Amino acid sequence: METFKLTIAEDNKIPFEGQARYCRITTPGGVLGFEPRHEGFAGILMPGSEVEYTDGRGAEHTLSVSWGTFLFEDNVCSIVVATEGK
């Protein structure tokens, strides 16, 4: 199955870095789902939302976030988050 590189960074730790099959985020404009080879996209996460992703092995994960930003470019998704109070 095709994958893309996903990195989720928080302060001075990396909750996830590796291959992913899917990633779902919520922005102020609505819900976005990223699959391999998605077109380039950048923006902010909806405060108090969740990042849901399926890793390269097919396991599903959810991370609650206070706020964050994201960039999907060249089959790489980078998400920077804060989870204060979560």
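Trainee: What area does the protein expose, and what share of it do carbon and sulfur atoms supply?

Mentor: This is a predicted model, in which local features need pLDDT of at least 70, side-chain atom pairs count only at pLDDT 80 or more, and totals for chains, interfaces and linings use all residues. Residues are numbered from 1 along each chain as its sequence is written, and side-chain values use heavy atoms, with hydrogens and water left out. Accessible areas come from the Shrake-Rupley method with a 1.4 Å probe, and for residues only the protein chains shown count as cover. The protein exposes about 4,900 Å², and the share from carbon and sulfur atoms is 48%.

Trainee: How many helices and how many strands are there in the protein?

Mentor: Both kinds of element are DSSP runs numbered from the N terminus: helices are H or I with at least four residues, and strands are E with at least two. Along the sequence the pattern reads β-β-β-β-β-β-β-β. The count is therefore 0 helices and 8 strands.

Trainee: Over how many bridges do strands β2 and β3 pair?

Mentor: Two strands pair if DSSP finds at least two bridges between them. A hairpin through 2 residues joins β2 to β3, and Thr-27 stands opposite Gly-30 in β3. Strand β2 (residues 13-27) and strand β3 (residues 30-34) pair in the antiparallel sense, and the number of bridges is 5.

Trainee: How many residues apart in sequence are the parts that the pair of Phe-41 and Phe-70 ties together?

Mentor: Rings of Phe, Tyr and Trp (its six-membered ring) pair if their centres lie within 6.5 Å; planes under 30 degrees apart count as stacked, over 60 as edge-to-face and the rest as tilted. Phe-41 and Phe-70 are stacked, at 6.1 Å centre to centre with 10° between the planes. Phe-41 lies in strand β4 (residues 41-44) and Phe-70 in strand β7 (residues 67-73), so the parts tied together are apart in sequence by 29 residues.

Trainee: Is Phe-70 buried or exposed?

Mentor: Buried means under 20% relative accessible area, exposed over 50%, and partly exposed in between (1.4 Å probe, protein chains only). Phe-41, at 34%, is partly exposed. Phe-70 has a relative accessible area of 4%, and its class is buried.

Trainee: Which residue's backbone oxygen does the side chain of Asn-75 reach?

Mentor: Asn-75 lies in the loop between β7 and β8 (76-82), and at 19% relative accessibility Asn-75 counts as buried. At 3.2 Å, the side chain of Asn-75 reaches the backbone oxygen of Thr-3.

Note on methods
A polar contact is a pair of N or O atoms within 3.5 Å; within protein, one must be able to donate a hydrogen and the other to accept it, and residues adjacent in sequence count only if both atoms are side-chain atoms.
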